[in-house]
Amino acid sequence: MSAFRTLDSAELKGKRALVRVDLNVPMENGRITDATRIDRILPTLNEISSKGGKVIMLAHFGRPKNGPDEANSLKPVAAAVSQRLGKAVAFASDCLGPAAAEAVAKMKDGDFLLLENTRFHKGEEKNDPAIVEAMAALGDVYVNDAFSAAHRAHASTEGLARKLPAYAGRTMQAEIEALSKALEKPARPVAAVVGGAKVSTKLELLGNLTKKVDFLIIGGGMANTFLAAQGKKVGKSLCEYDLLDTAREIIKTASANKCQIVLPVDAVVAQEFKAHAPSHVVGVDHVGDADMILDAGPKSAAEVENVLTACKTLVWNGPFGAFELEPFDAATNAVARFAARLTGEGKLLSVAGGGDTVAALNHAGVAEKFTYVSTAGGAFLEWLEGKVLPGVEALRA
């Protein structure tokens, strides 16, 4: 982490700290259904406050299209942050201008303030210099604790970091450190699990990982495309037949890079896509014309476990099957619990991320047992794809 400025080197006492956080939490009927993202930022907020800084939170919420609207207001979130912090959190009806300036002026050292949705201003997503200037006027230092938004060069994620003394918050720091350990200077051998429905959404990811890992374990619907590329019949399974040549090219590239691709050797098949549909296990050479592959089979899960036993680092993005539907969660559950056990024994550094992945690990009951689980979606994927993240680059020392 020496390449990035962190809170360790920040002078915070008496300073107005503009803290970019991720409060894009799921809500139903005005109630937050998952407060994980709030809990992740609490260490940074408390540290700045305890060091005498004024904590001024900047965040986006939803995708407002035409300026301010009640459905995308952060006001209800302020109450939730206050509850999780156990301290009062004031709220300003704008993230810049007179309303924001007035709210900041009322703050004492150690106080907390949440500003309204940054995306209520169109210039936010365009990184408009005027918006950056107006936001910067509210603070003395800038702290980015929203890795999940770091792949966007927006005013509140990149522009402010170029305008004010800028530092990584503790969540951002943990994310960068975990990903760096997993892919930049990993303990080898390294395995990557890549699952999900479609190869087309993860082409860049697969291409980059063939250069970085020793074992590329492919699961989910995308495994069907690779099986079909090898001439195997996949019945009525999800399969991108237009990408068979691409799959073959990825296999070829992996071989050239001494990266071993691990595909299912057996599968759980059913003839309808629903929970508890009648199912059975077949070898991947014996999938029937009416069959749908809905999970990797037990032999496949055991083979992946054997691979992980030989590895020191694991990066995971995507499930092995339709884990939302029992019993098609078996392979994902088995491998996740095995990886968690190896992690607990100190034999494996395990880093996971992406929406479906977090849900799958929670479903398996092991999310807290991995070395690090990222709540970021797009930013996590872009990092794995080898792309430069503007919000991270702006924090380089």
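Biologist: Taking helices as DSSP runs of H or I (at least four residues) and strands as runs of E (at least two), numbered from the N terminus, which helix is the place of K75?

Modeller: Heads up, this is a predicted model: local features need pLDDT of at least 70, side-chain atom pairs count only at pLDDT 80 or more, and totals for chains, interfaces and linings use all residues. Numbering runs from 1 along each chain as its sequence is written, and side-chain values rest on heavy atoms, with hydrogens and water left out. On that footing, K75 belongs to the helix covering residues 75-85, which is α2.

Biologist: Is K75 buried or exposed?

Modeller: We call a residue buried under 20% relative accessible area, exposed over 50% and partly exposed in between (1.4 Å probe, protein chains only). K75 has a relative accessible area of 56%, so K75 is exposed.

Biologist: How far apart in space are K75 and L115?

Modeller: Along the sequence, 40 residues separate K75 and L115. In space, going C-alpha to C-alpha, the separation of K75 and L115 is 8.7 Å.

Biologist: What share of the 397 residues in the protein is buried?

Modeller: Some scenery first: the protein has 14 helices and 17 strands. Its C-alpha atoms fill a box of roughly 70 × 45 × 40 Å along the principal axes. Of the 397 residues, the buried share is 56%.

Biologist: How many aromatic pairs does the structure hold?

Modeller: Rings of Phe, Tyr and Trp (its six-membered ring) pair if their centres lie within 6.5 Å. Going by that, the number of aromatic pairs in the structure is three.

Biologist: Are the rings of F147 and W383 stacked, edge-to-face or tilted?

Modeller: Planes under 30 degrees apart count as stacked, over 60 as edge-to-face and the rest as tilted. For F147 and W383, the ring centres are 6.1 Å apart and the planes stand at 55 degrees, so the pair is tilted.

Biologist: And how many residues apart are F147 and W383?

Modeller: F147 lies in the loop between β7 (141-144) and α5 (155-163), while W383 is in helix α13 (residues 378-384). The pair links distant parts of the chain, and the gap is 236 residues.

Biologist: What is the relative accessibility of W383?

Modeller: Its partner F147 has a relative accessible area of 1%, so F147 is buried. W383 counts as buried too, with a relative accessibility of 12%.

Biologist: Which residues form one aromatic cluster?

Modeller: Look at two Phe residues and a Trp in your sequence. The cluster is made up of W316, F320 and F370.
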